[in-house]
Amino acid sequence: MYALRVAVLLAACVSLASAGTRQLDVEVQPPVTLATELADYRLSEHISPVSYNISLRPYLLESDATKKFTFDGEVWIEIYPSETTSSVHLHSKNLTYSLSEYWQKPATGVAAPTPTRFGANQTNDDTDIVKLTAPTALTAQTTYILHFVYTGLMQDDMHGFYRSSYVDDNNVTKWLGSTQFQTNHARRAFPSFDEPQFKATFDVTLKRHRTFNSASNTRLIASYPSDEEGYYTDVYKTTPKMSTYLLAFIISEFVARKDDNFGVFARPEYYAQTQYPYNVGVQILKEMGDYLDKDYYSMGNDKMDMAAIPDFSAGAMENWGLLTYRERSLLVDDSATTLASRQSIAAVVAHEQAHMWFGDLVTCKWWSYTWLNEGFARYFQYFGTAMVEKDWELEKQFVVDQVQSVMAMDSTNATNPLSDENTYTPAHLSRMFNSISYNKGASFIRMIKHTMGEEFFRTALQDYLKKYEYQPSVPEYLLGAWQAKWPNSSYNDSSEAIFKSFTTQVGYPLINAELASDGLSVRFTQKRFLLKENDGADADLKYTVPISYTTSETTTKFANSTPKFILKPDVATTVSFTPAIKWIVANVQQTGYYRVNYTESNWHAIHQVLNTADWGGVHENNRAQIVDDLFNLARAGNITYNLTLDVIEYLETETNYIPWTSAFNGFSYLTIRLGNDTSDFGTYIQSLTNKAYNQLGFNETSSDTALDIYLRTKILSWACRYGSADCISKAKGYFQSLTTVPKNIRATVYCVGLREGGATEFQALYDKFKAETVATEETLLQNSFGCVKTQALIEKVFDLILSDEIRKQDKSSVLSTLYTENNENVSPVFALVTQKYEQLADAMGGYSAVATVISNIAARFTTQQQLTDLQNFNRNYGSKFGTSQATLTSAEETVQENLNWAAAKLGVFRSYLANYRSGSAMVNAFSAISLLLVSLVTMLRH
Ligand SMILES: [Zn+2]
């Protein structure tokens, strides 16, 4: 699954450039006390399903009357008990049964015996487990058939077999049925052993009205008129042996761009937008098969389709052979879709296709090991896309998007280990789809690749897939596969310790690399990196860490990322150098999952190198690492803000997207804390970005790289937001002619238009939104709405969010722009959310979503009054939020921590900005005089 979270971001264009990959979210802890015992959430293993034969008939027509948005179901499940038992436990949710029976499977050619009805059953609403009692016991090692006839609901909550809709070109609402079964929703479509370890084959039959067509995981093998007038029965080929959460079906009026085995489905109006996903999908699937030495079509499913679904809860889903996506995560219009969105679409396609091997063929045994699926999918999201789209420098983007973003979350007590044995309840399951499984999983996998070397790593993965195909997997299997191919020269005896210390423990180390004053040695030690003191996190954890480094005297500089040694827990390692070195930088290209601190003189030496031509040859990943580590070390109190701000002044010369992304992420935290008083920061950031701003401007050129285009988006966004008169005036100029704004600067132009404008500008964008036929552009437009600043317009956007005009799947992201785009909006939006929290809960589908919104807004509070407002709200209405009340309470703690942090540290930042202002004013005056002199000289020459 491609998990989407509410990204709390500073600027709309930032969120588009990173396209949902960044996850600076508030992680919600599941409740501690539960009515049901944790073990009760799991099925026992004494009955294994062998195959399912499922037949479904949805009701989607107006003429279906009271049956509309329900479905009829019938399923035969072949099971094999390993011990004699009279109780059959399986999952079922919101299904109503008219028949539940079983019989022993007869030998081929023998008639089936008379079925036996199941006796009384008992359903647990917490666990969704139905306990059926067999009047006569099922004998061990004997095959039985379970048979159920039932009805179910097609709800609009985007889970199970659900309903979705769109309005076609003739203004007619079209309904469709689609599925989302991960993590635990197959049970809403058919009774099932709904855990990933219970793999079986599936035969699917779908009955549809003639105006619809259907799709499922495998190839359609028969379609014939059914006994019901106007209906057809579609029969699908048996699937490979797979988990329940990977089954899928769609009943719709979609059309497909297709060849014999690969297709892209979308609503008819969007057919033209299926060309790019078709092209890139075919290529990535081929490249992945080559890399893993296992062709997709050889794995038991001879077709692959991808479908764009109007309402979709996740970003995308890896159903075997029928990948489903949000429309904006799949469809591309060459004239309107930005490069960032195109990249994101290719990346999501690669992510889902990588799951065909990591997830579908070899599957995590239980959601405790979600990272065995999602870590690899996230890894190939970058490295698989890069096999086809070679100009996007994805291996560099990986560092800022993945490694650095998860490190922030993995350094507080709110984190969890990659392999988390404490995983039982639905709340636990959804937690496992957080940035630990995705970003940290992928970052850990990349660290192992650099430790083993690419070729050993690759053949180890090939062996892993061959050995465990069609089976569930656990982390030990992956470790074993890596160890079998681990080169002796690369610290084989530490492989298990490295693996365990990063997968079973939370967090990561801060490596202290202490260069001796004579330059002849460096002493390496470690300590867990924690952002906050005393938040309950275990500060004593130690890790086994592959360490790479380069020094002022290393000839290969930043090219060689192979670790030089393994730092062991509780052991300091001292490395000697002759001749003496002037500086050291550890974690080459940020291939390791750790931060580094140095002596103050080493930091200053790094600063000096960065100020030389071409940044002294320091790799852009390491420039980004230096910036990110400096911000976080200062925030945690390991170094002073003055040191951080001193070294990052080098950014005045920086023109690369990678380090600038780290810088903007660091500044985001600080600017939120500044609240409404950002004028000194405005002067500072304009001066810092001056070179990049002048070099990139508003106009794209043919020599621009992808990263230049992304950097332009960011620089313009920050310059305009923080008051650059030139930027604002140019952006407003573009806004005058909305139909001709170049696509890659649209986010900035739309946002500036609304921030600096009023009702007229809002109406112009709103009209464009209502007429829009490209999903990516529609998303960009609705995510710009939040840039408004007047109370009347803030209320207008808020009402839009409450209405059906913004789809449920998009409400939280549109709402987040309303308080992230302008610091001044934080209090007004908090007031609206708390006044209308009941309506909002209704619109967003529950109180937990509203609690998350309140918590995200509160994370931006800067005053005592705001804290008091939150406390008052919680006291008066908190109990209405049920289990999500904990989210509200912990939001109070976060606000208090932020206020404490600001009281202790913000003063340093403010006085730095004030001094910088006077300093830069002098520099600017000086440049003005120089410019005047140059013009005079030029004039005299003529
Ligand atoms: Zn995924």
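Here is a walk through the structure, from the overall build down to a few odd backbone spots. Keep in mind that this is a predicted model.

Let's start with the whole chain. The protein carries 28 helices and 30 strands. Its radius of gyration is 29 Å, close to the 30 Å that the globule rule gives for 942 residues, so the protein is as compact as a globular protein of that length. Laid along the principal axes, the C-alpha atoms fill a box of roughly 105 × 65 × 60 Å. Buried residues account for 50% of the 942. As for how the chain folds back on itself, take the contacts between residues at least 6 apart in sequence: 71% of them join residues at least 24 apart.

Next, the domains. The protein is divided into domain 1, made of 12-29 plus 357-503, and domain 2, which runs over 509-613. Their C-alpha centres sit 24 Å apart. Where they meet, 17 residues of domain 1 are in contact with 18 residues of domain 2. Which helices supply at least two residues each to the domain 1 side? They are H5 (394-409), H7 (435-452) and H10 (495-503). H7 gives the largest share of that side, with 6 residues. In chemical terms, the domain 1 side splits into 8 nonpolar residues, 8 polar ones and 1 charged one.

H10 deserves a stop of its own. Its buried residues are Ser 495, Ile 498, Phe 499, Phe 502 and Thr 503. Because they cover an arc of only 105° around the axis, they end up on the same side of H10. And what do the buried residues of H10 pack against? Their partners are H7, helix H9 (475-485) and strand S25 (545-547).

Now step over to the loop between H5 and helix H6 (426-431), where you'll find Thr 425. Thr 425 has 18 other C-beta atoms within 10 Å, so it counts as partly exposed. Try tracing from there to Lys 396: the two are 29 residues apart along the chain, and their C-alpha atoms are separated by 37 Å.

That leaves the backbone oddities. As background, most residues other than glycine have a negative phi, and most peptide bonds are trans. Two peptide bonds to look at here are cis. One runs from Gln 182 to Thr 183, with omega near 10°; Thr 183 belongs to the loop between strand S10 (173-180) and strand S11 (201-209). The other runs from Thr 578 to Pro 579, with omega near -5°, and Pro 579 is in the loop between strand S28 (573-576) and strand S29 (584-586).

Then there are two positive phi angles. Asn 94 has a phi of about 55° although it is not a glycine, and its home is the loop between strand S3 (85-91) and strand S4 (96-104). Gln 589, not a glycine either, also has a positive phi of about 55°; look for Gln 589 in the loop between S29 and strand S30 (595-598).

Are these two residues buried or exposed? Asn 94 is partly exposed, since 13 other C-beta atoms lie within 10 Å. Gln 589 has 22 such neighbours within 10 Å, and because 20 or more is the cut-off, Gln 589 is buried.

Key
Residues numbered from 1 in each chain as written. Predicted model: local features only at pLDDT ≥ 70, side-chain atom pairs only at ≥ 80, totals over all residues. Domains from an automatic or database assignment. Contact = placed C-beta atoms within 7 Å. Helix = DSSP H or I, 4+ residues; strand = E, 2+ residues; numbered from the N terminus. Nonpolar A, V, L, I, M, F, W, Y, C, P; charged D, E, K, R; others polar. Buried ≥ 20, exposed ≤ 12 C-beta atoms within 10 Å, placed from the backbone. Arc of directions from axis to C-beta. Rg over C-alpha atoms; globule rule 2.2 N^0.38 Å.
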